[in-house]
Amino acid sequence: MELPDRQICYRALQSRDARFDGLLFVGVTSTGIYCRPVCPARTAKFENCRFFGSAAAAQEAGFRPCLRCRPETAPDLASWRGTSNTVSRALALIADGALDGDATSVETLAERLGLGERQLRRLFLQHLGAPPIVVAQTRRVLFAKQLIHETRMPMTQVALAAGFGSVRRFNEIFRDLFHRPPSALRRTTSARSAGAEAGVTIRLRYRPPYDWDSMLCYLSARAIPGVEVVESGSYRRTVELDGFVGSVEVMHLPEKQSLSVTIRFLNVQSFPAIVTRVRRLFDVGADIETIDAHLSCDPLLAPLVARRPGLRAPGGWDGFELAVRAILGQQVSVAAARRLAGQFVALHGKPVSNGDDSHSGLSHVFPTAQRIASVNSIALGMPNARLLSLKALAQATVADPNLFRPVGTIEEAIERLRTIRGVGKWTAQYIALRALREMDAFPASDVGLLRGVAIIDGAQSTSASLLNRAESWRPWRAYAAQHLWAADAAAVAAS
Ligand SMILES: [Zn+2]
């Protein structure tokens, strides 16, 4: 793991430089505490400082998280992206809970990624400074700490929501780290606790800038009637996970450089998965400054980046849902695809009760793959080949639970998707980009992209020449694509 030299790290600390937030953590040997570079506490002596590139590395070295600057609120950056695909895939699986609970093992995780346990451990130490098990443990501790500080959830719910197998284990680990029970960390003056049934709001910090308007505009144009609502600056949708149904609402807090996420979901054990989905959908972890700087090296793309600094590449909420959207979007406009998606949901989605205001505008959950795989026919007004393709997609999703998971290389993932009837090159690349979060995926034959690149180049392009042109945008072609799509959408709206 590459860190700047100690003098530079220390200067970042002395000036409380926010640019290092999420990229640098400091452990203070005299106190045993680790902090973000922006900690308001008095700066420790140089000789007492140890610097780390991840919170897990600081915890691996025996430091505990600071209660003032709260390392769990640092932006969780995907700075390892592009350096090791295996590490980023492993982290995605860990965030999905692959190492939570007693029955899990690093060996199984390594197996899923197609390598040995020792090899995975070595990669983690190299890129994150901590082995997988400590990374998972740190994630649980920090998420629990965030729930303790930001919500009024009872401790039993916090333990389960953060992925601890039992309340006893949660208590043990917190006593070990902080020398007091978890409840003693809560500073709230309110005596009454409020559980998940009342709705739980937490903040997810990002690295600025964040082009929220473009994100909402993108989501609004594609919002599936009944499942998603974009209004008054917020995004709301229904959620079905682990047999439970609820909703999530996301808003922007620009002055806090955060997204506010309200989860209304009874099964607290689904919280990590819900937060992971919100992070993916809103691309919260992008190291956006680095990406924008890289894309600005292309003089013709630079003006687009300057027009929309902090433009994110939205992810898919769910792999199957995203793939259905991709198929519905084949050969038709965004508006037509959205209408079809609305009909699809009305026909096959499960209705939800919309008795309370928090669900206003939300009437259905998106149909699961199981449901679509078992229906006799899909009664949508579109070519029969595409209906068969939807059916084949549902069957493939049921048959392979890893279909939308990062397993193997991007080329392998594309190949796997292309074995599904009706999934061609464009659809597979689009699914890889949005659902698998391959930030270098690039659907070069997309009409919107071809129109977008014609705007900056002033000349028509073919998918072959665009592919060539996109070489210099690697490893972030997905972001270049997002800029081209945005430019195209603006041009269409202006015409
Ligand atoms: Zn601190």
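The legends below describe close-up views of a predicted model.

Residues are numbered from 1 along each chain as its sequence is written, and side-chain values use heavy atoms, with hydrogens and water left out. Because the model is predicted, local features need pLDDT of at least 70 and side-chain atom pairs count only at pLDDT 80 or more, while totals for chains, interfaces and linings use all residues.

**View 1. The whole chain, with 21 helices and eleven strands.** Helices (H or I, at least four residues) and strands (E, at least two) are DSSP runs, numbered from the N terminus. The radius of gyration is 23 Å, close to the 23 Å that the globule rule gives for 495 residues, so the chain is as compact as a globular protein of that length. This radius is taken over C-alpha atoms, and the globule rule is 2.2 Å times the number of residues to the power 0.38. The C-alpha trace spans about 70 × 50 × 45 Å along its principal axes. Of the 495 residues, 55% count as buried. Here buried means under 20% relative accessible area, exposed over 50%, and partly exposed in between (1.4 Å probe, protein chains only).

**View 2. The zinc ion and its four cysteine donors.** The ion is coordinated by the SG atoms of Cys 35, Cys 39, Cys 66 and Cys 69, at 2.3 to 2.4 Å. Donors are N, O and S atoms within 2.8 Å of the metal (3.2 Å for Na, K and Ca); water is not among the atoms, so sites may look incomplete. Angles among the four donor atoms run from 104 to 124°, and the site is tetrahedral. Four donors count as tetrahedral if all angles lie between 85 and 135 degrees. Along the chain, the donors follow the spacing C-x3-C-x26-C-x2-C. Cys 66 is buried at 7% relative accessible area, and Cys 69 is buried at 5%.

**View 3. The second largest pocket, with a volume of about 1,300 Å³.** A pocket is an open set of points on a 1 Å grid over the protein atoms alone, where a 1.4 Å probe fits, with protein on both sides within 12 Å along at least five of seven lines. Grid points are joined across faces, edges and corners, and the volume is the space filled by probe spheres set on the points. Lining residues, which have an atom within 4 Å of a point, number 49 in this pocket. Tyr 218, Arg 222, Val 334, Tyr 430 and Trp 485 lie nearest its centre. The elements that give two or more residues to the lining are helix 9 (212–222), strand 7 (234–241), helix 13 (319–328), helix 14 (334–348), helix 18 (425–434), helix 19 (447–457) and helix 21 (477–494). Helix 9 gives the most, with seven residues. By class, the lining has 26 nonpolar, eleven polar and twelve charged residues. Ala, Val, Leu, Ile, Met, Phe, Trp, Tyr, Cys and Pro count as nonpolar, Asp, Glu, Lys and Arg as charged, and the others, Gly among them, as polar.

**View 4. Cis peptide bonds before Pro 209 and Pro 475.** The bond between Pro 208 and Pro 209 is cis, with omega about 0°. Pro 209 is found in the loop between strand 5 (200–205) and helix 9. Arg 474 and Pro 475 are likewise joined by a cis bond, with omega about 0°. The loop between helix 20 (463–469) and helix 21 holds Pro 475.

**View 5. Positive phi at Asp 242 and Arg 437.** Asp 242, although not a glycine, has a positive phi of about 50°. Its place is in the loop between strand 7 and strand 8 (244–253), and Asp 242 is exposed at 55% relative accessibility. Phi of Arg 437 is near 55°, again in a residue other than glycine. Arg 437 is found in the loop between helix 18 and helix 19 and is buried, with a relative accessible area of 12%.

**View 6. C-alpha separations from two loop residues, Val 227 and Gly 422.** Val 227 is in the loop between helix 9 and strand 6 (228–231) and is buried, with a relative accessible area of 0%. Its C-alpha atom is separated by 8.5 Å from that of Val 239, twelve residues apart along the chain. Gly 422, in the loop between helix 17 (410–418) and helix 18, is partly exposed at 42%. The C-alpha atoms of Gly 422 and Arg 386 are separated by 6.8 Å, and the two residues are 36 residues apart along the chain.

Technical notes
Four donors count as tetrahedral if all angles lie between 85 and 135 degrees; four count as square planar and six as octahedral if opposite donors are over 155 degrees apart and all others between 65 and 115; anything else is irregular.
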